[in-house]
Amino acid sequence: MNKFIGQQAYQNNSVANPQIDDAHGAVSVCLETLLHNLKVLADKPPHGSELFNRVSSKCLTAIYILQTSLDFEKGAVIADNLFKLYEYVKYQVIANSKGDEVADIDQAVSIISEIYSSWNSIK
């Protein structure tokens with residue numbers, strides 16, 4: 001059996017190159033997921049617990065997706081500002097993960113809630 005058959009099948013599969021039919025909806029789901037998980041963190045689950053680690057990881061993943069989906073050529077100032085807001089929220093999640101007392105998850109919830117609301121109002 002050729003070892004490259006599996007690789008070729010993977011590359012030919014839609015999973016290798018996913019097509020997003022509704023980019024607006026995908027961003028909306030990502031923002032909703034981030035907001036939900038930030039709210040869980042705001043409820044202060046035990047530091048280091050499975051829940052704490054899982055939601056922290058989901059927050060960071062959602063932020064990464066949102067940041068990498070920004071179009072700096074078309075969005076210019078808006079994309080730059082969103083990137084900075086996402087970066088601030090990421091900092092809060094990381095600080096919270098380290099047990100840093102200056103972490104302000106409530107502020108992160110407020111920021112993402114506002115972005116989520118604005119995003120859903122433009123469609």
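**Helix α2 and its surroundings**

Just past the end of helix α2, Lys44 takes up a positive phi of about 55°. The model in which this turns up is a predicted one, and α2 is a good place to start reading it. The helix covers residues 23–42, and its 20 residues should span 28 Å at 1.5 Å a residue; the end C-alpha atoms are 28 Å apart, so the two figures agree.

Stepping back, the fold is easy to describe. The chain holds 5 helices and 0 strands, which gives the pattern α-α-α-α-α when read along the sequence. Of its 123 residues, 30% count as buried. Among contacts with a separation of 6 or more, 58% come from residues 24 or more positions apart. On the outside, the chain exposes about 8300 Å², and carbon and sulfur atoms supply 55% of that area.

Back to α2, and to what it hides. The buried residues here are His24, Val27, Ser28, Cys30, Leu31, Leu34, Leu35, Asn37, Leu38, Val40 and Leu41. Their cover includes α3 (50–68), α4 (72–97) and α5 (105–121).

In soluble globular proteins, nonpolar side chains tend to be buried together. In this model, the largest nonpolar core has 26 residues, and those with the most contacts inside it are Leu31, Leu34, Leu38, Tyr86 and Ile112. Helices α2, α3, α4 and α5 each give two or more residues to this core. The biggest giver is α2, with 8 residues. Leu34 shows how such a residue is packed: leaving aside residues up to four places away in sequence, it touches Cys59, Ala62, Ile63, Leu66 and Ile112. Ile112 thus appears twice, as a neighbour of Leu34 and as one of the core residues with the most contacts.

Helix α4 has a few details of its own. Gln92 lies in this helix, and with a relative accessibility of 3% it falls under the 20% cut-off, so this polar residue counts as buried. What does its side chain find there? A polar atom of the Gln92 side chain sits 2.7 Å from the backbone nitrogen of Asp104. Asp104 is also among the residues that Gln92 touches beyond four places in sequence, together with Val102, Ala103, Ile105 and Ala108.

Elsewhere in α4 there is Ala79, also buried, with a relative accessible area of 3%. Not counting residues up to four places away in sequence, Ala79 touches Leu70, Asp71 and Phe72. Gln67 is 12 residues from Ala79 along the chain, and the C-alpha atoms of these two are separated by 8.7 Å.

Phe72, one of the residues touched by Ala79, brings up the aromatic rings. The count of aromatic pairs comes to 1. That pair is Phe72 with Phe83: the ring centres are 6.0 Å apart and the planes meet at 65°, so the arrangement is edge-to-face. Are these two rings' residues buried, exposed or partly exposed? Phe72 has a relative accessible area of 38%, which makes it partly exposed. Phe83, at 32%, is partly exposed as well.

Definitions and conventions:
Residues are numbered from 1 along each chain as its sequence is written. This is a predicted model: local features need pLDDT of at least 70, side-chain atom pairs count only at pLDDT 80 or more; totals for chains, interfaces and linings use all residues. Side-chain values use heavy atoms; hydrogens and water are left out. Helices (H or I, at least four residues) and strands (E, at least two) are DSSP runs, numbered from the N terminus. Buried means under 20% relative accessible area, exposed over 50%, partly exposed in between (1.4 Å probe, protein chains only). Contact means heavy atoms within 4.5 Å. Accessible areas come from the Shrake-Rupley method with a 1.4 Å probe; for residues, only the protein chains shown count as cover. Rings of Phe, Tyr and Trp (its six-membered ring) pair if their centres lie within 6.5 Å; planes under 30 degrees apart count as stacked, over 60 as edge-to-face and the rest as tilted. The expected span of a helix is 1.5 Å times one less than its number of residues. A nonpolar core is a set of buried Ala, Val, Leu, Ile, Met, Phe, Trp, Tyr and Cys residues joined through side-chain atoms within 4.5 Å. A polar contact is a pair of N or O atoms within 3.5 Å; within protein, one must be able to donate a hydrogen and the other to accept it, and residues adjacent in sequence count only if both atoms are side-chain atoms.
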